[in-house]
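Reader: I am new to this structure and would like a close look at a single part of it. Please take the place where the ligand sits, and then follow the elements around that part outward.

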Amino acid sequence: MTDSPPPASLELSLEVSGLAYAYPDGHQALFGVDFTVRRGERVALLGPNGAGKTTLVLHLNGILTAGAGSVTVAGLPVGKAHLAEIRRRVGIVFQDPDDQLFMPTVREDVAFGPAAAGLRGPALEARVEYALSLVGMEAFADRPPHHLSFGQRRRVAVATVLAMEPEILVLDEPSSNLDPASRRELADILRSLDITVLMVTHDLPYALELCPRSLILSEGTIAADGPTADILCDEPLMTTHRLELPFGFNPKTAPA
Ligand SMILES: Nc1ncnc2c1ncn2[C@@H]1O[C@H](COP(=O)(O)OP(=O)(O)OP(=O)(O)O)[C@@H](O)[C@H]1O
Ligand SMILES: [Mg+2]
């Protein structure tokens, strides 16, 4: 007997369909966004300033509510009905770690989400240790987050999200403000995780290094969806959407 494939809803970590959104001041940021991400994929979300990338990210765990269309995470619709479960499944690492870290110690910050989800005692401690070890920050557990460097706070922010054992990890510009060593170390961490990743980035070499597939979001719609190398090599497409490779960077010869 052969195994039948799992139903599509279980293979998809994320399904965004017809998503449109206007801010309360009337500014429309998303105009019918459609894409899916399969379980275990790492996908980069590229696009110029103001394209709607952060607005899209804020819909993935219900911080913003769709004006039209829908977001589904591993088969569960994002909406008021299952918000706690959605926020457990979708781990968002915000661009600014200071939006994520607010407890007196690193340990308490990483424990916050799992404790709110009901984890207690040794199980909670083990979860915190595990998440901190994934980002190499075990030695900082008792330090106040505001005494850490930016790169260290970014790692702790990633740990707070990993501690929830999310279905999908969403990162908004994870490499911004990191020094080259921290940027590479974060790449190593992301590559080592067996998890679905959606990564918003202006760092195109980082997208190529980490994400086999990229989406371009431009003026609130998906303008391209394909292999990252193909997208970065498509000069007319890149120019149309204000995407520029760093000086001297050649995606054709860069190691993937
Ligand atoms: N709170 C808000 N109220 C009104 N308009 C907003 C608000 N936040 C963002 N916008 C507008 O929505 C559009 C999309 O913004 P968004 O922050 O999603 O862009 P982005 O792609 O993340 O850009 P960046 O690369 O600069 O981070 C922009 O035109 C922005 O001015
Ligand atoms: Mg943004």
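Author: What follows starts at the ligand, moves to the helix and sheet beside that site, and ends with the other sheet and one arginine. The model is a predicted one.

The shell around ligand 1 holds 14 residues, and those that come nearest are Gly 50, Lys 53, Thr 54, Thr 55 and His 202. By type, the shell residues divide into four nonpolar, seven polar and three charged. Three of the nearest residues can be described by their polar atoms. At Gly 50 the backbone takes part: one of its polar atoms is 2.8 Å from an oxygen atom of ligand 1. At Lys 53 the side chain takes part, with an N or O atom 2.7 Å from an oxygen atom of the ligand. The side chain of Thr 54 likewise places an N or O atom 2.9 Å from an oxygen atom of ligand 1. On its own, ligand 1 has 640 Å² of accessible area, and the protein covers 65% of that.

Which helix gives the most to the shell around ligand 1? The answer is helix α2, residues 53-60, with three residues. Lys 53 of the polar contacts above is thus the residue at which the range of α2 begins.

The next step outward is a sheet. Four strands make up an open sheet in the order β2-β1-β4-β5, and their pairing is antiparallel. Its edge strands, each pairing on one side only, are β2 (28-38) and β5 (76-77). Helix α2 packs on this sheet, where it touches β1 (12-22), β2 and β4, and its direction makes about 120° with that of β1. At the β5 edge, two bridges join β5 to strand β4, residues 68-73, and the two run antiparallel. One residue pair can be named here: Val 73 has Leu 76 in β5 as its bridge partner.

There is also an open sheet of six strands, with the order β6-β7-β8-β3-β9-β10 and mixed pairing. Strands β6 (90-93) and β10 (221-227) are its edges, each pairing on one side only. From one strand to the next, the twist averages 20°. At the β10 edge, six bridges join β10 to strand β9 (residues 213-218), and these strands run antiparallel. Leu 217 has Ile 222 in β10 as its bridge partner. At the other edge, helix α6 (residues 150-162) lies across β6 and β7 (168-172) and runs at about 170° to β6.

The last stop is Arg 127, which is placed in helix α5, residues 121-134. Its side chain reaches the backbone oxygen of Ala 163 at 2.7 Å. Leaving aside residues up to four places away in sequence, Arg 127 touches Pro 114, Leu 119, Ala 163, Met 164 and Glu 165.

Terms used:
Residues numbered from 1 in each chain as written. Chains lettered and ligands numbered in written order. Predicted model: local features only at pLDDT ≥ 70, side-chain atom pairs only at ≥ 80, totals over all residues. Heavy atoms only, no water. Near = heavy atom within 4 Å. Polar contact = N/O pair within 3.5 Å; in protein donor to acceptor, adjacent residues only side chain to side chain. Areas by Shrake-Rupley, 256 points an atom, 1.4 Å probe, with all protein chains shown as cover. Nonpolar A, V, L, I, M, F, W, Y, C, P; charged D, E, K, R; others polar. Pairing = 2+ DSSP bridges. Contact = heavy atoms within 4.5 Å. Axes fitted to C-alpha atoms, helices over the stretch in contact; angles between N-to-C directions.
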